[in-house]
Amino acid sequence: MSDDEPLYGAQHVLCVLGAGPDLGTIGALGADAGFRLDREYSSDAPDEAMPAAFRACADATFGEDDRDAVAAHGSVGYLVGPRFLPPGTEDAVARRALALVADVLRAGAVAVKHESSLVAHGRERWLALAADGDTAGAFVRLPIRSGNLLYSTGMHLLGRPDVELAHDGDRTRVPEWVELMHALVAYQVVDDEPMADGEGFRLAPDAPRWVLRRTGCTRFEPDDLSYNPYGYWRLEP
């Protein structure tokens with residue numbers, strides 16, 4: 001086994017809220033996409049924990065209509081994708097997962113949360129991302145704060161390292177740092193060029209140079225859905 005070969009594969013798990021007792025529809029759409037309905041945790045009844053769970057993962061596009069829909073949901077379905085993805089298949093599975101999100105929303109689901117990347121977009125945002133085929137926008141969440149680090153989750157679903165940024169606590173620079181992190185995500189997904197530990201990275205030729213450091217994933221346990229076996233690229237000043 002090579003040093004770059006992960007011991008654990010990425011897995012898409014979707015939490016889908018139905019307007020009523022909709023597990024039949026949710027399960028059928030999932031099966032068509034190669035996902036199974038986890039009947040142990042799914043329920044054809046509302047779950048009072050869902051508003052808080054979605055609130056914890058909501059991004060800026062998750063608005064009042066979305067919150068009202070979650071509060072009024074009638075069922076909870078967990079759609080589980082394949083556990084181990086052969087290297088090179090992650091992008092195709094991510095596209096299939098994003099298409100599935102759009103399918104369940106169009107079929108009447110009221111909200112979707114991605115358990116593996118800890119993100120809940122608003123309904124219209126999910127549909128727009130699916131229309132664009134933007135899997136990175138759909139499944140990569142950033143920034144998340146932890147001490148003097150900002151970090152992302154979800155890049156393991158695309159077969160790539162997540163992104164960290166070491167900062168000095170100057171809140172006025174947060175927009176700059178977030179832009180830099182998005183740029184590194186896009187560089188990995190779109191350009192897909194090899195990178196090396198100690199290499200420089202910058203937004204523009206005249207922008208400040210940051211140094212890339214490859215680190216392992218110690219933030220999550222290996223059996224956690226958010227664990228990234230590819231580790232992180234840490235941006236250091």
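**Exercise 1. Leucine 118**

Task: Decide whether leucine 118 is buried, partly exposed or exposed, and say where leucine 118 is found.

Solution. Step 1: the relative accessibility of leucine 118 is 27%, so this residue counts as partly exposed. The model is a predicted one. Step 2: leucine 118 is found in the loop between strand S4 (111-114) and helix H5 (123-132). Step 3: look at the backbone, where phi of leucine 118 is near 60°, a positive value in a residue other than glycine.

**Exercise 2. A peptide bond at proline 143**

Task: Find what kind of peptide bond joins leucine 142 and proline 143, and state which strand holds proline 143.

Solution. Step 1: omega between leucine 142 and proline 143 is about -5°, and the bond is cis. Step 2: proline 143 is found in strand S5 (residues 141-146).

**Exercise 3. The sheet**

Task: Give the order of the six strands in the open sheet, then name the edge strands.

Solution. Step 1: the order is S5-S6-S7-S10-S9-S8, with mixed pairing. Step 2: S5 and strand S8 (200-201) each pair on one side only, and these are the edge strands. Step 3: take one pair, S9 and S10, which run in the antiparallel sense and are joined over five bridges. Step 4: for a residue-level example, arginine 214 has tryptophan 233 in S10 as its bridge partner.

**Exercise 4. Salt bridges**

Task: State how many salt bridges the structure holds, and work out which parts of the chain arginine 160 and aspartate 91 tie together.

Solution. Step 1: the number of salt bridges is nine. Step 2: one of them is formed by arginine 160 and aspartate 91, with 3.2 Å between the closest N and O atoms. Step 3: arginine 160 sits in the loop between strand S6 (149-153) and strand S7 (162-166), while aspartate 91 belongs to helix H4 (residues 90-106), so the pair ties together parts that are 69 residues apart in sequence. Step 4: compare the accessibility of the partners. Arginine 160 is buried, at a relative accessible area of 10%, whereas aspartate 91 is partly exposed, at 27%.

**Exercise 5. Two further pairs**

Task: Describe the salt bridges of glutamate 124 and glutamate 236, with the accessibility of each partner.

Solution. Step 1: glutamate 124 meets arginine 123 in a salt bridge, at 3.1 Å from N to O. Glutamate 124 is exposed, with 55% relative accessible area, and arginine 123 is partly exposed, with 28%. Step 2: glutamate 236 forms a salt bridge with arginine 213, and their closest N and O atoms are 3.9 Å apart. This pair links distant parts of the chain, as glutamate 236 is in strand S10 (residues 232-236) and arginine 213 is in strand S9 (residues 210-215), 23 residues apart. Glutamate 236 is partly exposed at 27%, and arginine 213 is partly exposed at 34%. Step 3: note also that Glu164, Arg219 and Arg234 are joined into one network by salt bridges that share partners.

**Exercise 6. Cysteines**

Task: Explain why cysteine 15 and cysteine 217 are not in a disulfide.

Solution. Step 1: a search of the whole structure finds zero disulfides. Step 2: the cut-off for a disulfide is two cysteine sulfur atoms within 2.5 Å. Step 3: for cysteine 15, the closest cysteine sulfur is that of cysteine 57, 9.3 Å away, which is too far for a bond. Step 4: for cysteine 217, the closest cysteine sulfur is also in cysteine 57, at 16 Å, again too far for a bond. Step 5: on accessibility, cysteine 15 is buried at 0%, and cysteine 217 is buried at 10%.

Note on methods:
Residues numbered from 1 in each chain as written. Predicted model: local features only at pLDDT ≥ 70, side-chain atom pairs only at ≥ 80, totals over all residues. Heavy atoms only, no water. Salt bridge = Lys/Arg side-chain N within 4 Å of Asp/Glu carboxyl O. Helix = DSSP H or I, 4+ residues; strand = E, 2+ residues; numbered from the N terminus. Buried < 20%, exposed > 50% of the residue type's maximum accessible area, 1.4 Å probe, protein only. Pairing = 2+ DSSP bridges.
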